[in-house]
Amino acid sequence: MTRSASGSLPRYILQRTLLVIPMIWVILTLVFFVLRVAPGDPVSAALGGKLDDEALDQRRAALGFDRPLIEQYWDYLSSVARLDFGTTFSDNQSVLHVVRDNGGATLSLTIVAFIIALMVGVPLGLVAGRYRDSLPDVLIRLFGILSYAAPIFFVGFLLQAYLAKPLGLPTSGMATPQTIFNVEEHTHILLIDVFLNGNSIYIEDVLKHLILPATTLGLLICGVFIRLVRVNILQTMQSDYVEAAEARGLARRKVTWRHAFRNALVPVITVIGLQFALLLGGAVLTESTFNWPGLGQKLVDYINDRDYGAVQGIITIFAVAVVLISLLVDIVNALIDPRVRY
Amino acid sequence: MSVEFVEPPYVDSGEPVISARDVRVWYGTTRGAIRAVDGVSFDLAPGETLGLVGESGCGKSTLGRGLMGLLPQGAKRDGEVWFKGREILGMKAKDNYRLRGHELGMIFQEPLTRLNPLMRISDHFEESIKQHDPGATKDAIRARALEALRLMGIPPTRYRSYPHEFSGGMRQRLMIALALVLRPSFVVADEPTTALDVLVEAQIVQILNDLRRNFHTSLLLITHNVGIVAEACDRVAVMYAGRIVEQGRVTDVFENPQHPYTRELLRSTISLNTTGLNFIPGSPPDLVDPPDGCRFHPRCPDAMAVCATKNPVTLDRVGGGRVECWLVGPHEQIPPGGTQPLKQEELAVADEA
Amino acid sequence: MRKVFKALAKPFTETAGLARWMLVIGIVITAVFVICAIFAPLLAPYGFDQTSADGVQFVKREAPSGDHVFGTDRLLFDVLSRTIWGARTAIEVVVLSIVICVFVGVPMGLISGYYGGWLDRILLLIMDALFAFPSFLLAIVFAFLLTNKLPSGGFSGVLAVSLSLSVIYVPQYYRVVRNTTVSAKEATYVEAARAIGASDFVIMRRYLFGNVVQSVPVIGTLNAADAILTLAGLGFLGLGIQSTEAAEWGHDLNRALADAGSGIWWTGLYPGLAIVLLVTGLTLVGEGLNETINPTLRRRRLLPVVMTPREGDR
């Protein structure tokens, strides 16, 4: 990051975007070889017992498994470039359709969980860091550690066992069958469709279904936020410019807000990109716990069916999503922090 | 840098702005208390510049920070500091904090990290001026900030730039402008040129030299560079191991050093007509457990028997200022045989410690 | 000997207040679980897959009572016994995966950092890609590939899961070891060893290994908590260890989830609490160590400053 006149925001964004292509290539290569080099025959693993030998051979030829590995690799790369993520072996669907039908559920779950985590985790982290070693700090840190230490499915279990009934909250699925039947599909994302539909009964039903899963997943990320924000506050509170601001007699409140908090939150934004990966992993478990019909749940189903095609397709999409999110985070970061642009 | 003895204009206006009496600042460590400043007194008149020199680790930065109240956790200070008729060390922390900025200013050693990287220069000025002058209009703030920048030689076009767009020397000038725009009566400048290269250093020294004329600010200039003191200061205080061993007008002290440490410090300064390098053998003492008697005695070439046992007494220097050394006196307090030269082994032992 | 003791005690003597307590509590909790793991056969009233005692079948989903302090689950297993045996599985998997990581990550990092060049670049690229990938998904994929592929036996599930976990953590070991190697190989003593004609292997083994291996326990502690959670997550999804093979908390919770709605709380509560406690203990150790090692977070224990009264002649 040298100070050069050529450094400008559009240029930085262009450079960063071009960097995405080799990153995706490396990850795709990894996904392909890890799944292909594994011992055993994917087709018979998925369909063995359902079809006879001749039919299995036909499927193998149709999927190109009888061709040299390098040709299959090339096919894989070029089809991903065409946004074709392959077909599932067990039910012969386009992976893209699987994603379209289930991705919306995962997306709404993760985004709402993320917002919950941000709204709870960041303020708590700020307080803990500012009042280090005080009672609130101890309690907040304990909460942060516990919320990270409690596995999603255990929190889910506790909520289902103790909280769901008294509060009258559903513990399975994203809506009652009636709601799903009656709300027209516009975007394939129920949370948006139900608002487009506008019927308050359906909206309430969908939101009620969302509360427990989103809270559970949000709690996991919340602990990470508390920790992250707290450490960053501790570091900025010790920084030279905070001391300099105090030496200029700036009111403590202003020093804390303008100099410590704001600066502490910049690295947090960078790390949020990494939390997205954690969020995806957590989503798989949350969806399993609450029977949420999302992509993670679907992935687990396909894994139990030993469906290599589906696993490869879904993992590829997750990989591309992670890289794109990190690109997005870097661009947002450049908009906030003037130093990055240079 | 050569030590030139130029007579700086000395404005004597009676009452001192700040007056420290027997100030002590001790740090807590895992080994015990470090007596970084251990009984220091000085006065500073309005518009006067006092240079505080000494080796690194002698407590000069601690003294500056102690006056500002910028001390780490676990540090303690006592003594008296009278600022414009008020004692500030015993004040409530809140009242003390309120003096910062518009009464007590500070210029730091490392300008690169002292500005908030996410804030424009203009933001820094606006928040500082607003803090101390809440009623100031935007235009008034801007005018004041630009005037301060102009005096530091920074063009108004850079007003809305970010800190990283400036060089080290410019950032130090920004820091000075930022401290002086609040018009404090007293400023501590803690090694303001140490992190900068020589050409920039000269520029900053020139700026500090002009302070009196432009802002009428009293300045405590902390430095290890004797040359800077000669150029920019009215008076000098020489600090060793937590004590001010000698102080007085720069010309007096430098032309006629009374304390052996001052003399050695001046001799170890490189000048154009230096033929060999002089240095003071040994290293500064451990301030957790400083040596008995005069703290300089293990390294002092003129040490006498009394220096190792009895604390020296502070005396008025001939021609103004103060000094504490048994060589100067008071001779009647030296016990019999106390003037015998101290044995050389002492030095080796101290060296090892 | 005294030196070793002093080095071990350093995190305690040099930290103050909270960090010190966190460290102590974390170590105590972790120690309890390690003891449970080692002495599981003695501590647990029954075997982890025992469904009857003295010829009498256990009752299905029996509420906690005298014979079964934590009750039984729907496979007739004793919940207390499975919770204790679960500690053994958890510790086994964590230790095994750290061993694998050390045997794979450390040599790879050493070679990559020492020789540099294209090998270094390719390894870096692969490791960075692995690191960027969502770690839990990575573990899922590897558990998916490895289950039923390893030679069967009582241990294959544990081995498969340990290998899956290693894949997540190897990049971290590799990264740290590689970077330490790159900076250490410029050190004068390594230059000197090269000058007297020591072979690359000798230099790596004798001079670099010792330098590099110090960071392993730190990474291990930091990853252990995460490893326990990942293990439980895989078990919850039914990947890896089967109920009859070993007791695994995550898998037990999966079975317990169906009971949650019907008021049967004991099948899920105890294994869940075990996970929370162990992960909390390990996290406390990690954070406590972090606060002592990381200078920006460290708060040293300072001796209080007591100013002596002034001497008369000063």
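**Exercise 1. Burial in helix 6 of chain C**

Task: In this predicted model, determine which residues of helix 6 of chain C are buried, and state how many of its 12 residues that makes.

Solution. Step 1: Apply the cut-off, by which a residue is buried if 20 or more other C-beta atoms lie within 10 Å of its own. Step 2: List the residues of helix 6 of chain C that pass; they are Ser135(C), Phe136(C), Leu137(C), Leu138(C), Ala139(C), Ile140(C), Val141(C), Phe142(C), Ala143(C), Phe144(C), Leu145(C) and Leu146(C). Step 3: The count is 12 of 12, so the helix is largely enclosed by the rest of the structure.

**Exercise 2. The span of the helix**

Task: Compare the expected span of helix 6 of chain C with the distance between its end C-alpha atoms.

Solution. Step 1: The expected span is 1.5 Å times one less than the number of residues. Step 2: For the 12 residues of helix 6 of chain C this gives 16 Å. Step 3: The end C-alpha atoms are 16 Å apart, which agrees.

**Exercise 3. The contact between chains A and C**

Task: Describe the side of chain C that touches chain A by its elements and by its kinds of residue.

Solution. Step 1: Chain C and chain A each bring 39 residues to the contact. Step 2: On the side of chain C, the elements that give two or more residues are helices 2, 5, 6, 10, 11 and 12. Step 3: Helix 12 of chain C supplies the largest share, eight residues. Step 4: By kind, this side of chain C holds 28 nonpolar residues, 10 polar ones and one charged.

**Exercise 4. The partner chain A**

Task: Characterise chain A by its elements, its extent and its burial.

Solution. Step 1: Chain A has 14 helices and zero strands. Step 2: Its C-alpha trace spans about 85 × 60 × 40 Å along the principal axes. Step 3: Of the 342 residues in chain A, 43% are buried.

**Exercise 5. The sheet of chain B**

Task: Identify the edge strands of the eight-stranded open sheet in chain B and explain what their position entails.

Solution. Step 1: The strand order is 6-7-8-3-9-10-12-11, with mixed pairing. Step 2: Strand 6 (104-107) and strand 11 (314-316) of chain B stand at the edges with a single partner strand each, so one side of each has no neighbour in the sheet. Step 3: On average, neighbouring strands are turned by 20° against each other, direction ignored. Step 4: Within the sheet, strands 10 and 12 of chain B pair in the antiparallel sense over two bridges, and Gln247(B) stands opposite Arg322(B) in strand 12 of chain B.

Conventions: Residues numbered from 1 in each chain as written. Chains lettered and ligands numbered in written order. Predicted model: local features only at pLDDT ≥ 70, side-chain atom pairs only at ≥ 80, totals over all residues. Helix = DSSP H or I, 4+ residues; strand = E, 2+ residues; numbered from the N terminus. Contact = placed C-beta atoms within 7 Å. Nonpolar A, V, L, I, M, F, W, Y, C, P; charged D, E, K, R; others polar. Pairing = 2+ DSSP bridges. Axes fitted to C-alpha atoms, helices over the stretch in contact; angles between N-to-C directions.
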